[in-house]
Amino acid sequence: MGKTNKFHIKKYDEDKSKITIEEERKYRNPFILFLIDNGKLIFTISLLLTVTVLIIAVTLIFSNIKDSSIVYYESNGVVVTFDGDDNSIINGTPITSEYANKVFDSNLVDNNYFKGVVIKIGEKNIKNGIIMFYSDKTIIIKYNDGTYKRIFPINGNYRINENNEINANTIYKDLTCVNKRNDKLGIDIIYLSDGSVIIDKDNVNFFVRNSDITSNDISFFTNLSGVSVPIKNDNNKIYYSNGTIKEKDYILVNNIKYLKIDEKKVHNNIKVIYYDNGYAEVIYNNTSIIVEKSEHINYDDNVFEIIDSNNSNNIINIKDIMDIKGIRLENKNTSKANYMIVLEETNDYKKHNITRRLSTEYINYNVYVNGNIVKDKVLNNKLDNTSGITNKNNNYLIYEGEIEKLSELSIKIGMWISYENITNEYMNSAFIGTMKVYIESK
């Protein structure tokens with residue numbers, strides 16, 4: 001309180017002849033008095049709280065910077081989104097083109113689509129071929145000229161409409177084939193160029209998503225799950241291509257009788273009968289197949305497949321062998337636009353602790369654009385000053401194309417070091433750059 005220079009008697013002690021006086025002070029609000037009396041304490045607490053909040057905020061900012069892996073920008077009305085970092089460091093283990101294509105393909109779709117068995121549950125005749133529908137929602141089109149198209153499912157759905165048109169953003173492969181026949185067992189085996197196989201025997205047709213099969217004069221079966229087909233029906237006994245015999249409600253394996261223990265009904269009128277030796281019979285449209293490893297039978301309300309979902313032997317780890325970038329373009333304009341994907345090389349390798357630059361002649365790449373794949377390209381298309389790019393770094397053209405008005409494009413790029421071409425002198429070398437997308441509106 002402020003001073004007034006006015007005094008009054010506060011206490012009078014008559015016995016001791018003692019008088020206590022007190023100067024009058026101006027009135028202060030109790031809250032103000034509290035602040036004055038505890039000012040130092042309040043300041044200290046506020047300072048500590050401010051420092052704590054600042055530390056937490058800075059920590060969150062750096063944490064988000066570290067965890068964020070989405071690169072997003074807009075150019076001329078086209079939104080460009082990377083599903084990860086746009087920086088490319090190519091310094092992994094050299095691999096062959098064959099293996100690189102397998103790695104790249106497995107990254108486009110679920111790796112499970114490259115192993116296991118699914119059964120055909122329908123077909124449709126078209127003008128230039130036959131559309132075959134399989135139980136994992138895969139579609140295979142067999143054309144009259146002997147070629148095939150494999151259409152991968154997305155989210156457990158067929159990717160073709162009622163007009164037999166392939167839906168947008170669908171992943172598919174145009175394939176050739178080699179036809180072989182097991183004459184002893186009467187089984188047609190169609191080897192497709194992506195490593196998958198179609199098995200056809202009388203009314204039985206199933207698709208092996210890889211070529212892991214055994215076929216000889218006395219037996220036929222898939223190696224992963226032991227899937228076999230019926231080859232003879234004699235005296236009410238069904239003989240299968242792996243040697244199993246079915247009679248009444250039991251099966252014979254090596255002349256040992258095994259009984260039925262359970263039966264399940266699945267979608268699309270698929271029925272599964274389980275036996276007490278671990279075998280199962282899959283029945284569809286009055287035909288059946290035998291599965292030696294019944295635990296590999298997987299299904300839900302939409303998909304049926306025979307696959308060892310716990311087997312990770314075929315899962316490909318792309319770390320250290322391939323640099324993969326996913327890019328999505330969204331054209332918000334009412335007119336088409338041209339786009340150009342460029343890899344801009346860094347001009348400071350020392351910043352990245354790289355002492356030797358990897359020559360681009362040893363870098364190969366694949367590009368996937370909305371179902372179409374360009375393979376085994378070499379990073380050697382260096383752009384000159386007429387390209388319209390103004391930076392002074394080395395710029396290499398990856399891909400260029402056109403995006404329709406009000407539409408989207410899904411793009412994936414996989415880059416690797418060529419095992420076939422690289423020499424020992426480039427051990428411990430690397431190429432570093434930034435992937436960029438340039439848009440030109442029409």
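Me: Asn268 has a relative accessibility of 37%; does that count as buried, partly exposed or exposed?
Reply: This is a predicted model, and the reading depends on two cut-offs, since buried means under 20% relative accessible area and exposed means over 50%. At 37% relative accessibility, Asn268 therefore counts as partly exposed.

Me: Where does Asn268 lie, and what is its phi?
Reply: Asn268 belongs to the loop between β22 (256-265) and β23 (271-275), and its phi is positive, about 55°, although the residue is not a glycine. Another case is Asn155, a residue other than glycine whose phi is near 55°. Asn155 is placed in the loop between β9 (148-151) and β10 (172-175), and with a relative accessibility of 72% it counts as exposed.

Me: How should I read the protein as a whole, beginning with how many helices and strands it has?
Reply: A count of elements is a useful start, and here the protein has 3 helices and 34 strands. Of its 442 residues, 43% count as buried, while the accessible surface comes to about 25500 Å², with 47% of that area belonging to carbon and sulfur atoms. Sequence separation can be read from the contacts: among those between residues at least 6 apart in sequence, 57% join residues at least 24 apart.

Me: Which residues have the most contacts inside the largest nonpolar core?
Reply: A nonpolar core is a set of buried residues joined through side-chain atoms, and the largest one here has 36 residues, where Ile327, Leu329, Tyr339, Ile398, Ile411 and Met415 have the most contacts inside it. The elements that give two or more residues to this core are β4 (78-82), β28 (323-331), β29 (337-345), β30 (363-369), β32 (395-403), β33 (408-417) and β34 (431-441). Apart from this core lies another, of 27 residues, which include Val117, Leu185, Ile213 and Val266. To follow one residue of the largest core, take Ile398, which, when residues up to four places away in sequence are not counted, touches among others Ile341, Tyr365, Leu379, Met415 and Met435.

Me: How far apart in space are Ala337 and Ser441?
Reply: Distance along the chain and distance in space are read separately, and these two residues are 104 residues apart in sequence but 4.5 Å apart in space, C-alpha to C-alpha. Ala337 is in strand β29 and is buried, with a relative accessible area of 0%. Leaving aside neighbours within four places in sequence, the contacts of Ala337 include Val78, Gly401, Ile439 and Ser441.

Me: How many aromatic pairs does a search of the whole structure find?
Reply: The search finds 6 aromatic pairs. One of them, formed by Tyr362 and Tyr426, is tilted, with 4.9 Å centre to centre and 55° between the planes. Tyr362 is in the loop between β29 and β30 and Tyr426 in the loop between β33 and β34, so this pair ties together parts that are 64 residues apart in sequence. Both tyrosines, Tyr362 and Tyr426, are buried.

Me: Which residues form a nonpolar patch on the surface?
Reply: Nonpolar side chains can also be found outside a core, and here Leu47, Val51 and Ile55 form such a surface patch, with about 260 Å² of accessible area together. Val51 has its place in helix α2 (residues 39-67), and at 40% relative accessibility Val51 counts as partly exposed.

Terms used
Residues numbered from 1 in each chain as written. Predicted model: local features only at pLDDT ≥ 70, side-chain atom pairs only at ≥ 80, totals over all residues. Heavy atoms only, no water. Patch = residues over 30% accessible without salt bridge, like charges linked within 9 Å, V, L, I, M, F, W, Y side chains within 5 Å. Areas by Shrake-Rupley, 256 points an atom, 1.4 Å probe, with all protein chains shown as cover. Salt bridge = Lys/Arg side-chain N within 4 Å of Asp/Glu carboxyl O. Helix = DSSP H or I, 4+ residues; strand = E, 2+ residues; numbered from the N terminus. Buried < 20%, exposed > 50% of the residue type's maximum accessible area, 1.4 Å probe, protein only. Core = buried A, V, L, I, M, F, W, Y, C linked by side-chain atoms within 4.5 Å. Contact = heavy atoms within 4.5 Å. Phe/Tyr/Trp six-rings, centres within 6.5 Å; stacked < 30°, edge-to-face > 60°.
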